[in-house]
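Subject: Structure handover

Hello,

Here is the structure I said I would pass on. My notes on what was found in it follow below.

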Amino acid sequence: MVVARTPCPECGQDWVHPYRFTDDGSRFYLCTECDSLWWPDQSIGVDRPAPVDEVVAERLNIIGNPWVDRVWADVMEPAPKTN
Ligand SMILES: [Zn+2]
């Protein structure tokens with residue numbers, strides 16, 4: 001669970017934002033500064049985040065850098081505040 005405006009515990013440079021994948025709408029939390037990703041069942045500041053590159057690569061069955069021929073907006077978007 002994430003309260004409004006949770007600072008990123010990894011880099012301290014940004015808030016953790018609610019995001020979702022555009023293909024199936026599954027939600028997650030993302031620091032757009034250091035690319036740390038948390039799933040909704042994880043506790044920010046307690047659970048270690050996953051690197052967004054790794055999550056997206058795995059999701060799309062890509063080996064290596066998933067951003068060679070796509071950008072963030074192709075796979076994810078900021079999620080609305082209410083579901
Ligand atoms: Zn961060």
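C31 is buried, at 0% relative accessibility; buried means under 20% relative accessible area, exposed over 50% and partly exposed in between, with a 1.4 Å probe and protein chains only. Before the rest, some conventions: this is a predicted model, in which local features need pLDDT of at least 70 and side-chain atom pairs count only at pLDDT 80 or more, while totals for chains, interfaces and linings use all residues. Residues are numbered from 1 along each chain as its sequence is written, and side-chain values use heavy atoms, with hydrogens and water left out.

Zinc site

C31 is one of the residues that coordinate the zinc ion: the donors are the SG atoms of C8, C11, C31 and C34, at 2.2 to 2.3 Å. Donors here are N, O and S atoms within 2.8 Å of the metal (3.2 Å for Na, K and Ca); water is not among the atoms, so sites may look incomplete. Along the chain, the zinc donors have the spacing C-x2-C-x19-C-x2-C. C8 and C34 link distant parts of the chain, 26 residues apart: C8 is in the segment before β1 (17-21), and C34 is in the loop between β2 (27-31) and β3 (36-38). Helices (H or I, at least four residues) and strands (E, at least two) are DSSP runs, numbered from the N terminus. C8 is buried at 3% relative accessibility, whereas C34 is partly exposed at 29%.

The four donor atoms make angles of 105 to 112° at the zinc ion, and the site is tetrahedral. Four donors count as tetrahedral if all angles lie between 85 and 135 degrees. For reference, the ideal angle for four tetrahedral donors is 109.5 degrees. A search of the whole structure for disulfides (pairs of cysteine sulfur atoms within 2.5 Å) finds zero.

Sheet

Five strands form an open sheet in the order β4-β3-β2-β1-β5, with antiparallel pairing. Two strands pair if DSSP finds at least two bridges between them. The edge strands, each pairing on one side only, are β4 (50-51) and β5 (76-78). β1 has four antiparallel bridges with β2 and three with β5. On the β2 side, H17 has L30 as its bridge partner; on the β5 side, Y19 stands opposite P78.

The hairpin of β1 and β2 has five residues between the strands, and G25 takes a positive phi there, near 75°. D23 also lies in the loop between β1 and β2, and is exposed, with a relative accessible area of 57%. From D23 to D53 the C-alpha distance is 17 Å, with the two positions 30 residues apart in sequence terms.

Aromatic residues

How many aromatic pairs does the structure hold? The count is five. Rings of Phe, Tyr and Trp (its six-membered ring) pair if their centres lie within 6.5 Å; planes under 30 degrees apart count as stacked, over 60 as edge-to-face and the rest as tilted. One pair is F21 with F28, whose ring centres are 4.5 Å apart with the planes at 40°, so this pair is tilted. F21 is buried, at 1% relative accessible area, and F28 is buried, also with a value of 1%. Y19, F21, F28 and W39 make up one aromatic cluster.

F21 also has a charge over its ring: R59 lies over the face, 3.8 Å from the ring centre. The criterion is NZ of Lys or CZ of Arg within 6 Å of the ring centre and within 35 degrees of the ring normal.

Positive phi outside glycine

D35 has a positive phi, near 65°, in a residue other than glycine. D35 is in the loop between β2 and β3 and is partly exposed, with a relative accessible area of 25%. N61 is another non-glycine residue with a positive phi, in this case near 55°. N61 is placed in the loop between α1 (52-59) and α2 (72-75), and is exposed, at 72% relative accessibility.

Regards

Conventions
Four donors count as tetrahedral if all angles lie between 85 and 135 degrees; four count as square planar and six as octahedral if opposite donors are over 155 degrees apart and all others between 65 and 115; anything else is irregular.
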